[in-house]
Each structure stands twice: as structure tokens, then as C-alpha cells.
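Me: I'm new to this structure and would love a close look at a single part of it. Could you pick one helix and walk me through what surrounds it?

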Amino acid sequence: MGESSEPSVEHADETAERPSSAKRLWPVLKWTLFAALLVFVGWRAWKLWSAEPDAFANLDWQPWWLVPSAVAYVVGWIPSVWFWRLLLARIDGPVGVADASRAYYCGHLGKYIPGKALVLVIRAALLKDRGARPGAAALTAAYETLAMMAVGG
């Protein structure tokens with residue numbers, strides 16, 4: 001008669017230690033997206049290379065130019081990162097500069113997946129653990145993209 005329908009303390013500890021299925025699937029999903037990015041970037045590079053194979057035959061390859069190119073790329077996107085971070089702060093609260101920059105630049109990889117919507121998913125996922133709501137991060141990323149396209153237009 002003294003049996004209770006509540007789980008024992010030992011049983012509760014065992015179930016609390018087991019990760020949920022979402023937590024177990026998250027690394028698989030991240031690596032799958034990473035592999036998809038590599039496939040699509042490689043496919044695009046191969047397509048460009050095979051379209052004009054002679055154009056690259058006499059290419060004077062100087063790898064040291066990659067350093068100033070990378071610096072120019074990062075510096076060139078700083079206003080966009082700043083604008084996106086400002087939008088996010090107005091809607092959802094402040095996000096650190098390093099976190100916003102990381103999410104912004106990593107999000108660029110999503111452009112290589114057909115449909116380009118993965119940019120929003122990558123940015124939102126990278127800021128989710130940094131205190132930003134995924135919906136706010138995706139919404140502001142979409143607005144920032146549209147604003148930058150309008151500026152370019």
C-alpha cells in the first residue's frame with residue numbers, strides 16, 4: 001500500500017541525465033548542413049572552373065594576396081554587421097560584437113545552398129545560445145539583407 005506513483009529519486013536522476021532527442025540530433029544536423037555547404041560550394045567552383053578551363057591555365061597564383069583580400073572582405077562588411085547588430089538590439093536586446101560578427105560572417109556560407117534561406121537559419125542558430133531569440137535574429141537578418149540590396153540598387 002505504501003507504493004507511490006511518483007518515480008524514485010534514482011529513476012529521476014537517470015532520466016534527467018539522458019539528453020533529449022533534439023540535443024542528440026543537433027550535432028548530426030549541424031554536420032549535415034556543413035557537408036551540404038561543402039558540396040554546393042565545391043559544385044559551384046567546379047562549374048566555374050569547367051566553364052572556362054583555359055582562363056585559369058596561365059593564372060599567376062600568388063597566395064599571399066589572400067591575406068589582404070580577406071582583410072578587405074571583413075572590413076567591407078563591417079557596416080552591414082553593425083547595422084544588423086543595431087536592428088537586433090532594437091528588437092531583441094543587445095548582442096555582443098564578436099557574437100554578431102561570427103553569426104554574420106558564418107551566415108554568408110548559407111548563400112551557397114540553393115534558395116539562400118539558410119543564411120537566416122545559420123545566423124539565428126549561432127545567436128540562439130547568445131541570448132537572442134531565433135525569430136528576432138532571422139527577421140532582422142532578412143530586413144538587413146533587403147536594406148543592403150536596396151542600397152546597392
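Reply: Happy to! One term is needed before we start: a residue is called buried when its relative accessible area is under 20%, exposed when that value is over 50%, and partly exposed in between. Please also keep in mind that this is a predicted model.

Here is the setting. The protein chain has seven helices and zero strands, and 20% of its 153 residues count as buried. Among contacts between residues at least 6 apart in sequence, 62% join residues at least 24 apart.

Let's look closely at helix H5. Its buried residues are Ala-100, Ser-101, Ala-103, Tyr-104 and Gly-107. Viewed down the axis of H5, these residues fall within an arc of 165°, so they line one face of the helix. The cover over them includes H4, H6 and H7.

Those helices appear again in the largest nonpolar core, which has 18 residues. Helix H4 (78-92), helix H5 (97-107), helix H6 (118-128) and helix H7 (134-152) each supply at least two residues of this core, and H6 gives the most, with five. Trp-84, Leu-88, Val-95 and Leu-127 are the members that touch the most other members. As background, nonpolar side chains in soluble globular proteins tend to be buried together.

Trp-84 is a good place to pause. Setting aside neighbours within four places in sequence, Trp-84 is in contact with Ala-100, Ala-103 and Tyr-104, and its other partners include Leu-127, Ala-137 and Ala-141. Three of the buried residues of H5 listed above, Ala-100, Ala-103 and Tyr-104, are thus found among the contacts of Trp-84. Arg-123 is another of these partners, and its charged end sits over the ring of Trp-84, 4.9 Å from the ring centre.

Now compare two neighbours in H5. Tyr-104 is buried because its relative accessibility is 1%, under the 20% limit. Tyr-105, at 21%, counts as partly exposed because that value lies between 20% and 50%. The two rings form an edge-to-face aromatic pair, 5.9 Å centre to centre with 85° between the planes. Tyr-104 and Tyr-105 also belong to one aromatic cluster with Tyr-73, Trp-77 and Trp-84.

The structure holds seven aromatic pairs. Another of them is formed by Phe-83 and Tyr-143, whose ring centres are 6.5 Å apart and whose planes are at 35°, so this pair is tilted. It links distant parts of the chain, with Phe-83 in helix H4 and Tyr-143 in helix H7, 60 residues apart.

Helix H4 also holds Trp-82, which offers a contrast with the buried residues. With a relative accessible area of 55%, Trp-82 is exposed. Its C-alpha atom is separated by 8.5 Å from that of Ser-101, although the two residues are 19 apart along the chain.

Finally, step past H5 into the loop between H5 and H6, where His-108 is found. His-108 counts as buried, at 7% relative accessibility. Its side chain is joined to that of Lys-111 by a polar contact of 2.8 Å. Beyond its neighbours within four places in sequence, His-108 is in contact with Tyr-73 and Trp-77, and both of those residues are members of the aromatic cluster that includes Tyr-104 and Tyr-105.

Methods: Residues are numbered from 1 along each chain as its sequence is written. This is a predicted model: local features need pLDDT of at least 70, side-chain atom pairs count only at pLDDT 80 or more; totals for chains, interfaces and linings use all residues. Side-chain values use heavy atoms; hydrogens and water are left out. A nonpolar core is a set of buried Ala, Val, Leu, Ile, Met, Phe, Trp, Tyr and Cys residues joined through side-chain atoms within 4.5 Å. Buried means under 20% relative accessible area, exposed over 50%, partly exposed in between (1.4 Å probe, protein chains only). Helices (H or I, at least four residues) and strands (E, at least two) are DSSP runs, numbered from the N terminus. Contact means heavy atoms within 4.5 Å. Rings of Phe, Tyr and Trp (its six-membered ring) pair if their centres lie within 6.5 Å; planes under 30 degrees apart count as stacked, over 60 as edge-to-face and the rest as tilted. A charge sits over a ring if NZ of Lys or CZ of Arg is within 6 Å of the ring centre and within 35 degrees of the ring normal. The arc is that of the directions from the helix axis to the C-beta atoms. A polar contact is a pair of N or O atoms within 3.5 Å; within protein, one must be able to donate a hydrogen and the other to accept it, and residues adjacent in sequence count only if both atoms are side-chain atoms.
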